[in-house]
Amino acid sequence: MPKVFFSYSHADEALRDQIETQLALLKRQGIIDVWHDRRIGAGREFAREIDQHVESDEIILLLVSADFLASDYCYEKEMLRALTRHDAGEAVVIPVILRACDWHGAPFGKLNAVPRDGKPITQFADRDAAMLEVARAVRSVAERFGSVASPKKSAQDVARSSLQGALSPRSSNLRLAKTFNDKDKDEFRTEGFEYLSRFFENSIAELSKRNPGIEATFRKIDANRFVAKAYRNGRSATSCTVFMGGMMGNGISYLARETTESNSHNEMLTVEADDQALYFQSFGMAVGRGNRQKLSYEGAAELYWTMFIEPLQQGK
């Protein structure tokens, strides 16, 4: 069974955890084993443990971000040695682009990166879909190890075969401008609303569990509207209505009260597009949030959830 080593900056630990979760089925099926520095036990020598895995693990994931590139340890101790083993056919190195950064000129810039075309995971509207691409790349490489392994094959033979079959050299600079029609935008908005609905429902349930004296409720009114409300010691503390449409007609609106109205809002998300992807953008009406960022489903959900929970956090 090939072992997968995570080379990453601790600033990206949350993203590493999410990628590891996507690899869970591969671990359950006995296709891979996974290791990173958080597995180092008490009393063990940190540098020696990492060096051992960099020198022996068959699949090495470089979790690339500006923090990764800025880390002397990640760059010099892990990445450069991993690439030496890759070039020698002793391991397979897969760059995983987490966040936007100038990585094409790095020593691993010659390799196929995931997600496709080197698009950063954090720029995907659906991060799970991006991380699924990572899991599929790992599965492809790992299964090639299994398919050619035999008592007569050395680890070098296995790695070289995997290299040739799974990571054939090509440029990752393949991105062309895309266009999005009204149907694409409508589907994005509908899927985004469904994500918001699930996000609020799950967050409401957890909010009540974790905070004594807080009772929170979630009601899906219909396919286009839901209501959330929270009580502190039985007294109403915060509420909101999130609904499709609103004054502009083509967005997802937030109103800081429980209502059946659709002709006003405290904030609104509209569907926008650049030459690569669809995204949400807020009007910036909420105080302190007028930065007009490109928001994924998750980013949009976090924006509205923050508006909902702030009165509770501020004791209003």
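Asparagine 233 is exposed, with 64% relative accessible area; here exposed means over 50%, buried under 20% and partly exposed in between, using a 1.4 Å probe and protein chains only. Its phi is positive, about 55 degrees, although asparagine 233 is not a glycine. The residue sits in the loop between β6 and β7 (235-244), where strands (E, at least two residues) and helices (H or I, at least four) are DSSP runs numbered from the N terminus.

A word on the model: it is predicted, so local features need pLDDT of at least 70 and side-chain atom pairs count only at pLDDT 80 or more, while totals for chains, interfaces and linings use all residues. Residues are numbered from 1 along each chain as its sequence is written, and side-chain values use heavy atoms, with hydrogens and water left out.

Another loop, the one between β4 and α6, has its own backbone quirks. Proline 115 lies in this loop, and the peptide bond leading to it from valine 114 is cis, with omega near -5 degrees. Aspartate 117 belongs to the loop between β4 and α6 as well, and its phi is near 60 degrees, a positive value in a residue other than glycine. Aspartate 117 counts as partly exposed, at 26% relative accessibility.

Strand β4 (residues 92-97) is mostly covered, with six of its six residues buried. In a regular strand, side chains alternate between the two faces of the sheet. In β4, Val92, Ile94 and Val96 are buried on one side, and Val93, Pro95 and Ile97 are buried on the other. Its partner β3 (residues 59-64) runs parallel to β4 and is joined to it by six bridges; two strands pair if DSSP finds at least two bridges between them. Across this pairing, isoleucine 60 stands opposite valine 93.

Then there are the aromatic rings. A search of the whole structure turns up 15 aromatic pairs, counting rings of Phe, Tyr and Trp (its six-membered ring) with centres within 6.5 Å, and calling planes under 30 degrees apart stacked, over 60 edge-to-face and the rest tilted. Tryptophan 103 and phenylalanine 108 make a stacked pair, 6.3 Å centre to centre with 10 degrees between the planes. Tryptophan 103 is buried at 3% relative accessibility, and phenylalanine 108 is buried at 0%. Phenylalanine 200 and phenylalanine 226 form a tilted pair, 5.2 Å centre to centre and 50 degrees between the planes. Phenylalanine 200 lies in helix α8 and phenylalanine 226 in strand β6 (residues 225-232), so this pair ties together parts that are 26 residues apart in sequence. Both of these phenylalanines, 200 and 226, are buried, and they belong to one aromatic cluster with Phe193, Phe218, Trp305 and Phe308.

Charges meet rings too. The charged end of arginine 225 sits over the ring of phenylalanine 243, 4.6 Å from its centre, the rule being that NZ of Lys or CZ of Arg is within 6 Å of the ring centre and within 35 degrees of the ring normal. Likewise, the charged end of lysine 119 sits over the ring of phenylalanine 124, 4.5 Å from the ring centre.

Lys119 and Phe124 turn up again at the largest pocket: along with Arg116, Gln276 and Ala277, they lie nearest its centre among 19 lining residues. A pocket is an open set of points on a 1 Å grid over the protein atoms alone, where a 1.4 Å probe fits, with protein on both sides within 12 Å along at least five of seven lines, and lining residues have an atom within 4 Å of a point. Helix α8 (182-210) and α6 (127-148) each supply at least two lining residues, and α8 gives the largest share, four.
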